[in-house]
Amino acid sequence: MERFVRLIVAGGLVLVGALWLVDLFAWGSPQWLVGVALSILGFVGVMAGIFSELESGAFSVE
């Protein structure tokens, strides 16, 4: 499997699990904080997978 696909899938799974943690536990609890940290990590994984496949001038206007 391609590296970018692994990053997107793994990041998405971590993000979904982390959002469940955030939803299930009280605001500010240690478990909630772990969920927030994991959701950031999952988001970064998804974005890394997406941006690794973009060309350098993908967003430039010519």
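**Group meeting: a two-helix chain**

The protein chain exposes about 4,800 Å², and carbon and sulfur atoms supply 72% of that area. Accessible areas here come from the Shrake-Rupley method with a 1.4 Å probe, and for residues only the protein chains shown count as cover.

Some housekeeping. This is a predicted model, in which local features need pLDDT of at least 70 and side-chain atom pairs count only at pLDDT 80 or more, while totals for chains, interfaces and linings use all residues. Residues are numbered from 1 along each chain as its sequence is written, and side-chain values use heavy atoms, with hydrogens and water left out.

Now the overall form. The protein chain has 2 helices and 0 strands; helices (H or I, at least four residues) and strands (E, at least two) are DSSP runs, numbered from the N terminus. Along the principal axes, the C-alpha atoms fill a box of roughly 50 × 30 × 10 Å. The radius of gyration of the protein chain is 15 Å, whereas a compact globule of 62 residues would have one near 11 Å. That radius is taken over C-alpha atoms, and the globule rule is 2.2 Å times the number of residues to the power 0.38.

How much of the chain counts as buried? Of the 62 residues, 16% do. Buried means under 20% relative accessible area, exposed means over 50%, and partly exposed is in between (1.4 Å probe, protein chains only). As for contacts, meaning heavy atoms within 4.5 Å, residues 24 or more positions apart account for 56% of those with a separation of 6 or more.

Next, helix H2, which covers residues 30-51. Pro30 is in this helix and is exposed, because its relative accessibility is 59%. Val34, also found in H2, is partly exposed at 44%. Its C-alpha atom is 7.9 Å from that of Leu21, with their positions 13 residues apart along the chain.

Ser39 has its place in H2 too. Why does Ser39 count as buried? Because its relative accessibility is 14%. Leaving aside neighbours within four places in sequence, Ser39 is in contact with Leu15, Ala18 and Leu19.

Further along H2 is Ala48, which is partly exposed at 33%. Ala48 and Ile8 are 40 residues apart in sequence, but 7.7 Å apart in space, C-alpha to C-alpha. For Pro30 and Ile8, 22 residues apart along the chain, the C-alpha separation is 27 Å.

Ile8 also belongs to a surface feature. Which residues form the nonpolar patch with it? They are Ile50, Phe51 and Leu54, and the patch has about 310 Å² of accessible area together. Patches are made of residues with over 30% relative accessible area and no salt bridge; like charges are joined within 9 Å, and nonpolar side chains (Val, Leu, Ile, Met, Phe, Trp, Tyr) within 5 Å. A salt bridge is a side-chain nitrogen of Lys or Arg within 4 Å of a carboxyl oxygen of Asp or Glu. Ile50 lies in helix H2 and counts as partly exposed, because its relative accessibility is 36%.

Last, the aromatic rings. Rings of Phe, Tyr and Trp (its six-membered ring) pair if their centres lie within 6.5 Å; planes under 30 degrees apart count as stacked, over 60 as edge-to-face and the rest as tilted. By this rule the count comes to 1 aromatic pair. Trp27 and Trp32 form it, and the pair is tilted, with 5.4 Å centre to centre and 50 degrees between the planes. Trp27 is exposed, with a relative accessible area of 72%, whereas Trp32 is buried at 15%.
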